[in-house]
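This report describes selected features of the structure shown below, grouped by topic.

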Amino acid sequence: MSTIITSAPALAPASKEPGQGGGVDYLNHETSIASWLLTLDHKRIGILYLVAMSAMFVLGGFYAGLIRAELITPKGDLMSSDFYNKSFTAHGVIMVFFVLIPLVPASLGNFMLPLMIGAKDVAFPRLNLISWYVYMIGAGFTLVALIGGGVDTGWTFYTPLSTTYLNSNVLLTATGLFILGFSSILTGLNFIVTIHRMRCPGMDWFRMPLFVWALYATSVIQLLGTPVIAITLALVGVERLLGVGIFDPRLGGDPILYQHLFWFYSHPAVYIMILPPLGVTNELISTFSRKPIFGYSMMAGASLAIAIFSFIVWAHHMFTSGLSPYAAMFFSLLTFSVAIPSGIKVFTWLATLFRGSISFDSPMLYAYGFIGLFTIGGMTGLFLSTLGTDIHFHDTYFVVAHFHYVMVGGAIVGFMGGLHFIWPKMFGRMYPEFLARMSAILIFVGFNLTFFPQFLVGYLGMPRRYHEYPNEFQVLNVFSTAGATVLGVGYLLPLLYLPWSVFFGEKAGRNPWGATTLDWTHTESPPTPHNFEETPVVTGEPYKYDTLFNKESALAGH
Amino acid sequence: MQVTEKKHAQEAHDDHGHGHELAHHFVSVEQQHDAGNLGMWMFLTTEVLFFGGLFAAYTIYRYKFEKVFEQASNILDPMLGAINTIVLIFSSVTMAFAVRSAQQGKSKAIVAWLGATIVFGALFLGIKYGEWKHDAHLHVFPTSDFNWTWAREKHAEGEHGHGHDSHGPELKGFVFNSPVVPANYIESDSRNPEAKQAKLFFFLYFSMTSLHALHMIIGFGVMAVIMVYAWYGYYTPHYYVPVESVGLYWHFVDLVWIFLFPLLYLLGAHLGAGH
Amino acid sequence: MWDFPIWPESASTVAPSVEALYLFIVALNIGMTALVFGLLVLFSVLYYRRADDQVPPQYHGSMLLEIGWTAIPTVICLIVFAWGVKVYAELVVPPADSMDVYIVGRQWMWKAQYPGGQREINALHAVLGKPVKLTITSEDVLHSFSIPAFRVKSDAVPGRYTTLWFQPTQAGVYHIFCTEYCGTEHSRMIGKITVMEEGDYQKWLSEKAELGDALQGRKLFAKLQCVTCHAGESQARAPSLEEIHMKRIPLSFDKGSPVAPGATVLADENYLRESIRYPSAKIAAGYQYPSIMPAYDESLVSEDEMFQLIAYIKSLKKGQTPTRNEHTTTPTALGAPAGRP
């Protein structure tokens with residue numbers, strides 16, 4: 001541990017403030033249940049989201065376990081095909097809509113954004129709380145639908161299967177997701193206005209921490225994409241109710257139109273999931289190597305470029321659907337455009353590490369895991385954006401492996417890194433470092449064991465969403481299930497030691513990692529209710545470590 | 001990060017006396033005003049894309065089933081649509097005056113102009129209700145009750161002077177007590193694929209106009225609340241973000257109608273192409 | 001006891017092309033992954049934190065490097081894209097001498113129809129070395145027809161035709177999968193394709209012989225009274241269908257017709273199908289809009305029958321249109337409702 005910094009925060013404001021640990025903070029100034037449920041404090045709302053999403057993650061993980069257990073044997077001997085279909089639908093719907101999309105922005109983003117830009121709160125605190133309630137209402141509807149009878153459309157709700165041919169709870173699920181969409185829209189709106197209007201004096205655009213840039217790019221996608229999926233799901237619901245054929249060819253409609261509308265949102269949604277973890281990784285890499293991010297403006301630009309490109313590549317999900325060959329070529333070419341900024345990010349991190357001062361605290365281990373898995377996830381995307389190979393891989397387990405590398409290896413591992421990084425700020429306590437490192441390693445190993453075999457079985461041609469499969473795919477599936485148990489243990493550890501540390505962890509100083517952004521240098525751990533006693537005025541870049549051990553300022557701060 | 005400190009706590013609250021004018025997390029009234037304004041614009045951007053999905057579906061099917069969409073559009077009365085357009089433009093004008101009054105700090109005038117806006121809005125919805133009632137008699141609600149054969153026949157009768165009251169009042173149907181369609185009409189619809197296409201048009205017509213109407217009703221609610229606050233002098237020239245925001249919202253709702261009107265009512269057939 | 005393959009069989013002419021591209025991208029993947037993991041490990045070893053107060057030099061960027069790692073991946077991506085398009089072109093353009101087989105997907109089976117009228121369910125037979133073109137549609141929901149050993153796949157979309165072709169290079173039995181989730185028994189919508197020698201194939205065909213598709217189509221053509229208007233004469237009420245397949249047809253831009261002046265359409269299977277289902281969609285030049293032909297939906301012409309009609313139209317040579325039967329009535333009465341003017 002970096003003891004020097006813990007005891008003497010180098011950039012601490014000169015004023016005398018309440019000592020660490022003894023003063024009033026946002027956790028202890030009010031403690032009733034009502035004070036949590038009616039709070040307008042962005043930090044508490046972030047924690048509300050964290051709790052809700054953890055519960056959803058456990059539920060989604062439970063369904064994943066069921067799926068992996070069923071796939072140990074080629075025959076469907078554990079459950080009926082109907083129940084299997086409902087399980088993977090539940091897994092997909094919960095993980096995509098209720099965990100991955102809001103994961104980093106709503107929890108870590110809510111907590112960190114105002115702290116990072118020197119604001120007392122987000123622009124619309126009441127709207128922020130409403131977003132959480134909207135999330136909970138949407139979750140309620142969807143859970144009632146999923147658990148009370150289930151829905152077996154797959155998380156993509158492809159028509160006309162979902163509109164005309166299934167008798168499960170499609171309508172209720174669509175209602176839940178429709179409501180949930182507004183939570184996402186309101187959070188995005190709130191963040192955009194916060195970033196535009198709430199920055200403290202001197203915090204110009206190119207002095208913002210890169211996590212803020214990532215949140216900005218994400219919010220733009222949330223704002224522009226989510227209404228389209230909302231209206232599309234509403235159309236699916238109405239089509240079921242009234243028997244009007246917007247998407248059913250028997251009634252004059254077009255099922256391909258649904259796919260266009262669906263992927264117009266759902267492809268950018270992938271970047272809603274991955275951009276914030278990409279952003280949070282910048283903070284980790286910079287802090288734990290004590291180097292400014294190499295090529296800051298390129299990195300910020302890459303986030304925006306990904307957000308913009310994400311809206312023009314959606315039809316690469318439809319190469320086999322009878323899309324005209326020219327449209328297919330066009331969308332294939334555009335899809336490669338997303339690869340470039342993603343590559344820039346990885347190279348930038350490597351260049352940042354070069355000649356750094358690298359420490360291997362658990363958040364950094366997660367960041368390493370993130371870079372590795374995101375690289376594999378991104379590179380295997382090449383197989384799917386290339387027309388000649390995508391035809392073979394489309395809708396096989398190769399696609400499943402690819403997007404799990406990006407969404408779990410990328411988004412979830414990045415989130416875990418960010419969470420371990422921010423934890424001491426959130427609760428003012430350290431978690432058991434050894435267990436945290438163990439969990440980071442277990443997740444990395446378990447993840448690869450689970451999903452790498454799926455690349456191979458996908459190349460063999462095993463289709464997605466198969467309850468039963470031919471015998472020759474069994475060995476790889478058994479490997480995958482074995483890996484999933486390791487992965488499960490990796491996730492279980494933090495679920496145990498993190499809550500434990502809130503009460504029994506060692507006290508953390510205001511800046512245990514030696515980070516240089518406002519959230520660490522200018523707020524207590526945990527922060528006071530209004531974050532900053534005095535509005536900070538920023539005069540320099542966000543990542544600057546050469547003054548960190550400047551003896552004079554260190555003394556002045558004490 | 002290099003940082004210096006600045007005392008701010010006083011200056012923010014000194015200039016303006018009213019406690020409600022500045023929420024605690026803003027540094028200045030200007031910041032709060034800009035934030036509210038930008039938030040509203042962002043919300044309207046979202047709304048554009050929300051309607052955008054429906055417009056996209058409409059465009060595609062209009063291209064695909066152009067003939068039937070024209071015939072279906074003929075069922076609608078462009079005169080009523082035009083009157084409604086004018087009514088909504090008037091309501092936008094009164095809304096603009098309400099915002100102007102807020103900037104000048106004339107509380108009672110805000111109430112009056114918002115009231116006028118609501119009256120025009122209600123007139124619009126009243127005309128719309130009349131249209132829907134007529135549509136119900138023609139059986140063009142896109143439910144199982146939809147009947148294209150009936151709609152075309154009754155519409156043709158109406159145009160040739162028989163009037164809308166001529167069809168049998170003795171039979172009760174699905175909505176608005178509309179007459180029940182005879183079995184041979186249902187039979188003929190089932191063998192005519194164009195009926196499905198027409199049903200798509202009316203589905204889009206009712207989705208878009210009812211989503212628009214829903215937005216107006218939400219607008220009424222917000223305006224009513226603002227009228228109460230304004231009556232008690234809550235808004236000042238320093239603080240009128242809510243009035244300005246509802247103004248932006250209302251202009252947006254009008255703008256959506258300006259697009260809906262030609263798309264739905266003036267589909268070419270009325271302009272002289274004929275059947 | 002267990003098979004443990006990691007490489008699918010490669011049994012069609014396009015499979016080696018797909019594989020070559022696959023291996024190229026695999027090499028790129030290994031290269032990039034090795035670079036990233038290698039540098040991570042190397043930097044960790046070289047630059048681990050040696051003292052708590054160590055401060056490294058503070059670089060902010062290098063224009064040259066940044067341009068480099070933007071430009072080089074861009075070039076590599078363009079190469080992969082171009083190669084992908086080349087392979088894709090092989091995948092989508094069938095040879096002219098392909099044998100037609102029609103595939104209809106439904107929950108949860110694949111139905112195949114051969115030109116000779118033979119039918120199969122969840123099975124397909126093909127001749128070693130002879131190209132086959134599948135025309136695929138669905139009766140209900142989306143499906144996707146996939147033969148991994150041939151590296152081909154195409155969705156079955158209700159309401160339209162998609163195509164797929166292959167030329168087997170190796171005798172044997174291979175999997176057919178449905179790869180688009182289609183409901184409860186999705187994973188049982190599988191079948192086998194058997195690739196056999198020409199002689200065996202002819203024997204198999206003759207065992208399953210039935211009335212050919214085109215002949216069945218000719219019967220339908222008569223039964224549906226198509227010939228009343230499509231009489232094959234210049235003064236007939238509808239265009240002649242003789243040798244119409246794959247011709248470019250000038251379209252009518254009659255008042256109200258949804259086509260631009262001067263537009264033409266290629267009379268492929270999709271156009272023939274569309275003209276039967278929605279006659280007014282694209283009308284040939286010289287005929288009035290809207291069409292006088294009734295629309296034939298699924299209740300009048302099923303997807304199976306549609307294939308037969310199209311097979312017949314494709315086979316129709318000059319002067320072969322059957323003569324008009326005087327005792328038939330015009331089909332316009334069929335779709336017209338009782339009370340319609």
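## A buried ion pair in chain B

B:K128 is buried at 2% relative accessibility, and B:E131 is likewise counted as buried, with a relative accessible area of 5%. In this predicted model, the side chains of B:K128 and B:E131 form a salt bridge with an N to O distance of 3.3 Å. Both residues belong to helix α5 of chain B, which spans residues 107-137. B:K128 and B:E131 are three residues apart, about one turn of the helix.

Since buried means under 20% relative accessible area, the 2% of B:K128 falls within that class, as does the 5% of B:E131.

## Salt bridges in chain C

Over all chains, the whole structure contains 24 salt bridges. One of them joins the side chains of C:E303 and C:R273 at 2.6 Å, N to O. C:E303 lies in helix α6 (residues 303-315) of chain C and C:R273 in helix α5 (residues 269-277) of chain C, so this pair ties together parts that are 30 residues apart in sequence. Both C:E303 and C:R273 are buried. A network of salt bridges with shared partners joins C:R106, C:K111, C:R119, C:E139 and C:D304.

A further salt bridge links the side chains of C:E185 and C:R188, with an N to O distance of 3.5 Å. Here C:E185 is partly exposed at 21% relative accessibility, and C:R188 is partly exposed at 46%.

## Chain B: fold and surface patch

Chain B has nine helices and one strand. Along the sequence its elements follow the pattern β-α-α-α-α-α-α-α-α-α. Of the 275 residues in chain B, 52% are buried.

A nonpolar patch lies on the surface, formed by B:I89, B:V93, B:F97, B:W113, B:L255, B:I258 and B:F259. Together these residues have about 630 Å² of accessible area. Helices α4 (78-104) and α9 (241-265) of chain B each supply at least two residues of the patch; B:F259 is located in α9.

## Internal cavities

The structure has seven cavities of 30 Å³ or more. The largest cavity holds about 180 Å³ of space. Its lining comprises 18 residues, and A:F97, A:I101, A:L180, A:G181 and A:S184 lie nearest its centre.

Three helices of chain A, namely α4 (81-116), α7 (170-197) and α8 (210-242), each supply at least two residues of the lining of the largest cavity. The largest share, six residues, comes from α7(A). By class, the lining has 12 nonpolar and six polar residues, with no charged residues.

## Backbone exceptions

Most residues other than glycine have a negative phi, and most peptide bonds are trans. Two cis peptide bonds in chain A depart from this pattern. A:T159 and A:P160 are joined by a cis bond with omega about 0°, and A:P160 is placed in the loop between α5 (125-147) and α6 (161-165) of chain A. The bond from A:S525 to A:P526 is also cis, with omega near -10°; A:P526 lies in the loop between α17 (518-521) and β1 (536-538) of chain A.

A:N531, although not a glycine, has a positive phi of about 70°. A:N531 is found in the loop between α17 and β1 of chain A and is buried at 2% relative accessibility. In chain C, C:E243 has a positive phi near 50°. C:E243 occupies the loop between α4 (213-223) and β11 (248-250) of chain C, and at 35% relative accessibility C:E243 is partly exposed.

Notes:
Residues numbered from 1 in each chain as written. Chains lettered and ligands numbered in written order. Predicted model: local features only at pLDDT ≥ 70, side-chain atom pairs only at ≥ 80, totals over all residues. Heavy atoms only, no water. Patch = residues over 30% accessible without salt bridge, like charges linked within 9 Å, V, L, I, M, F, W, Y side chains within 5 Å. Areas by Shrake-Rupley, 256 points an atom, 1.4 Å probe, with all protein chains shown as cover. Salt bridge = Lys/Arg side-chain N within 4 Å of Asp/Glu carboxyl O. Helix = DSSP H or I, 4+ residues; strand = E, 2+ residues; numbered from the N terminus. 1 Å grid on protein atoms, 1.4 Å probe; cavity = no way out; pocket = protein on both sides within 12 Å on 5 of 7 lines; lining within 4 Å. Points joined across faces, edges and corners; volume = space filled by probe spheres on them. Nonpolar A, V, L, I, M, F, W, Y, C, P; charged D, E, K, R; others polar. Buried < 20%, exposed > 50% of the residue type's maximum accessible area, 1.4 Å probe, protein only.
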